[in-house]
Structure formats: C-alpha cells, structure tokens
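Dear colleague,

Please find below the structure that I am handing over to you. I should be grateful if you would look through it alongside the notes that follow.

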Amino acid sequence: MISIKNLEKYYGKTKVLSDISVEIENGDIFGLVGVSGAGKSTLLRCMNGLEKYNSGSLMVNGTEVRNLNYQELRGFRKNIGMIFQQFSLIERKSVYENIALPMECWGYSKKK
Ligand SMILES: Nc1ncnc2c1ncn2[C@@H]1O[C@H](COP(=O)(O)OP(=O)(O)OP(=O)(O)O)[C@@H](O)[C@H]1O
Ligand SMILES: [Mg+2]
C-alpha cells in the first residue's frame, strides 16, 4: 500500500508538488494524469526514493521513504519496477524483457 499525506517538494525555490494526499491500496491500478510539468514524474521519483521530498509523508508498505539510507534504498527498490520516461529502455529487448531485466540481475529464477 502507498499512503501519501500532504506531500510537498521543491526544486530550489519552485514548489513542484503541493499538498499531495492519496491512498493506493494493494492491487490497485492507478493512473496519474496531468499536463506536462505538473509533477507526475517527480511524484513517482519520490515514491522510489530517487528524489527527496521536503515535507509531508510518503509511506510504501509502512516505510517512510525519506528515512531510508542508501543501503536500505537498494533493498527497498528490489520490490519496485519502473520504466523511465526517457533513455532507459534496451532496444533489442521486448517490453516484457525490459520489465523483467532487474529480476534477471537480482538472480530470480526464469519461472518467477
Ligand atoms: N531535476 C530538476 N530540477 C529542477 N526542476 C525540475 C527537475 N525535474 C523536474 N523539474 C521541474 O519540475 C516540474 C515537474 O516536472 P515533472 O518532470 O515531474 O513533470 P511531468 O508531469 O512528469 O511532465 P511530463 O508530462 O512532461 O513528463 C516541471 O516544472 C519541471 O521543469
Ligand atoms: Mg514525466
């Protein structure tokens, strides 16, 4: 479950996330919609710890993401799949293979 309360994020003096609150239950398929620059990618990057947020709370399965140290983030991200908006797909692999690639690197069995 992802639980976000009153999240705020600044880049310098510019506020890019303002008072975001949302609850996403296990099994939910959740779409985030907004104009270019609205902050969709920034919010996703906060969810997996690629960006720090300034205030509010962002809990993933009971863990406050901001409190994780570098080492803990590595373990935390093992359970998160992310396809980046730019640059990060391997062209000779299919969509499925791109998504599964991190599992391959972590040594999961083919079946899993
Ligand atoms: N690293 C950064 N440093 C400074 N400002 C940034 C940075 N990344 C994003 N921004 C700014 O933060 C705001 C939100 O950007 P973000 O990329 O999250 O929007 P988005 O909703 O994903 O847009 P798009 O639909 O174009 O992907 C924009 O004004 C953007 O210019
Ligand atoms: Mg984006």
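The notes below cover confidence, strand pairing and the nonpolar core.

Please bear in mind that this is a predicted model. The chain has a mean pLDDT of 92, and 100% of its residues reach 70 or more. Among the elements of the chain, β1 has the highest mean pLDDT, at 98, whereas helix α3 (residues 95-105) has the lowest, at 87.

Strand β1 pairs with two strands, β2 and β3. With β2 (residues 14-24), β1 (residues 2-11) runs antiparallel, and seven bridges join the two. Within this pairing, Thr14 of β2 is the residue opposite Tyr11. The hairpin of β1 and β2 has two residues between the strands, and Gly12 there adopts a positive phi near 60°. The pairing of β1 with β3 (residues 55-60) is likewise antiparallel and comprises five bridges. Here Ser55 of β3 lies opposite Glu8.

Turning to the interior, the largest nonpolar core consists of eight residues: Ile4, Leu7, Leu17, Leu43, Cys46, Tyr53, Leu58 and Val65. At least two residues of this core come from β1, and at least two from α1 (40-47).

Ile4 is one of the core residues. Which residues is Ile4 in contact with, leaving aside its neighbours within four places in sequence? They are Ile20, Ser21, Val22 and Leu58. Of these contacts, Leu58 is itself listed in the core.

With kind regards

Terms used:
Residues are numbered from 1 along each chain as its sequence is written. Chains are lettered from A and ligands numbered from 1 in the order in which they are written. This is a predicted model: local features need pLDDT of at least 70, side-chain atom pairs count only at pLDDT 80 or more; totals for chains, interfaces and linings use all residues. Two strands pair if DSSP finds at least two bridges between them. Helices (H or I, at least four residues) and strands (E, at least two) are DSSP runs, numbered from the N terminus. pLDDT is the predictor's confidence in each residue, from 0 to 100. A nonpolar core is a set of buried Ala, Val, Leu, Ile, Met, Phe, Trp, Tyr and Cys residues joined through C-beta atoms within 7 Å. A residue is buried if 20 or more other C-beta atoms lie within 10 Å of its own, exposed if 12 or fewer, and partly exposed in between; C-beta atoms are placed from the backbone. Two residues are in contact if their C-beta atoms, placed from the backbone, lie within 7 Å.
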